[in-house]
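Open your viewer, keep the selection box handy, and let us walk through this protein together. At each stop you will get something to select and a short account of what is there.

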Amino acid sequence: VLFILIAAVLAQWSAWTETPDTPCPVTCGYCGVRVAATRTCTGVCSGPSQRYEECGAQMCLWPNKTCCPGYIKGLLPSREFECVAIASIPAKTTIA
């Protein structure tokens, strides 16, 4: 019991280190996921050692011309199409 208590006190996560050069495995449709940041632990820590982010916002070209599940085609101010999260689209309101 004493060993577990000491290990818990000594365990500590380092600060997150961004990984901007980590490549995306997929370049379109928000289908890819890359490692965005990592951290290391001294001792026995709980929680993840990596943070992830989706990548590849550009809409896939023909023949796909789609976005991955959870995203739809959106129009950018530059009049180009890009995939956007469905949750980020404001809901339409109806007047009863």
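The tour starts with the whole chain and then moves through the sheet, the salt bridges, the disulfides and the hairpin.

**Stop 1: the whole chain**

Begin with everything shown as a cartoon, and keep in mind that this is a predicted model. You should find one helix and seven strands. Reading from the N terminus, the order of elements is α-β-β-β-β-β-β-β. Now switch on a surface: the protein exposes about 7,600 Å², and carbon and sulfur atoms supply 63% of that area. Of its 96 residues, 21% count as buried. If you like contact maps, take the contacts between residues at least 6 apart in sequence: 42% of them join residues at least 24 apart.

**Stop 2: colour by confidence**

Next, colour by pLDDT. The average over the protein is 77, and 77% of the residues score at least 70. Which element has the lowest mean pLDDT, and which the highest? Select residues 2-10 for the low end: this is helix H1, with a mean of 53. At the high end is strand S2, with a mean of 94. Where pLDDT is low, the predicted coordinates should not be read in detail, so let us move on to the strands.

**Stop 3: the three-stranded sheet**

Select residues 17-18 for S2 and 32-38 for S3, then add 50-55 for S5. Together they make an open sheet in the order S2-S3-S5, with antiparallel pairing. S2 and S5 are the edge strands, each pairing on one side only. Zoom in on S2 and S3, which are joined in the antiparallel sense by two bridges. Here Thr-17 stands opposite Thr-38 of S3.

**Stop 4: two salt bridges**

Stay with these strands and show side chains. How many salt bridges does a search of the whole structure find? There are two, and both can be visited from here.

Select Arg-51 and Glu-18 for one of them: their side chains meet with an N to O distance of 3.0 Å. This pair links distant parts of the chain, since Arg-51 sits in strand S5 and Glu-18 in strand S2, 33 residues apart. With a relative accessible area of 35%, Arg-51 is partly exposed, while Glu-18, at 52%, is exposed.

For the other, pick Glu-53 and Arg-34, whose side chains meet at 2.9 Å, N to O. Again distant parts of the chain are linked: Glu-53 belongs to strand S5 and Arg-34 to strand S3, 19 residues apart. Is Arg-34 buried or exposed? Its relative accessibility is 12%, so Arg-34 counts as buried. Glu-53, at 36%, is partly exposed.

**Stop 5: the disulfides**

Now show every cysteine as sticks. A search of the whole structure finds three disulfides.

Start with Cys-24 and Cys-55, whose sulfur atoms are 2.2 Å apart. Cys-24 is in the loop between S2 and S3 and Cys-55 is in S5, so this disulfide ties together parts 31 residues apart in sequence. Cys-24 is partly exposed at 30% relative accessible area, whereas Cys-55 counts as buried at 7%.

Then select Cys-41 and Cys-45, joined with an S to S distance of 1.9 Å. Look along the S-S bond: the torsion is 80°, and the link is right-handed. Both ends are partly exposed, with Cys-41 at 28% relative accessibility and Cys-45 at 23%.

Finally, go to Cys-67 and Cys-83, with 2.1 Å from S to S. Cys-67 lies in the loop between S5 and strand S6, and Cys-83 in strand S7, so the pair ties together parts 16 residues apart in sequence. The torsion about this S-S bond is about -90°, so the disulfide is left-handed. Both cysteines, Cys-67 and Cys-83, are buried.

**Stop 6: the hairpin**

Cys-83 leads to the last stop, because it lies in S7. Select residues 71-75 for S6 and 81-85 for S7. These two strands pair in the antiparallel sense over five bridges, and Gly-74 stands opposite Glu-82 in S7. S6 and S7 form a hairpin with five residues between them. To finish, click on Arg-79 in the turn and check its backbone: phi is positive, at about 70°.

Methods. Residues numbered from 1 in each chain as written. Heavy atoms only, no water. Helix = DSSP H or I, 4+ residues; strand = E, 2+ residues; numbered from the N terminus. Buried < 20%, exposed > 50% of the residue type's maximum accessible area, 1.4 Å probe, protein only. Contact = heavy atoms within 4.5 Å. Areas by Shrake-Rupley, 256 points an atom, 1.4 Å probe, with all protein chains shown as cover. Disulfide = S-S within 2.5 Å. Pairing = 2+ DSSP bridges. pLDDT = per-residue confidence, 0-100. Salt bridge = Lys/Arg side-chain N within 4 Å of Asp/Glu carboxyl O.
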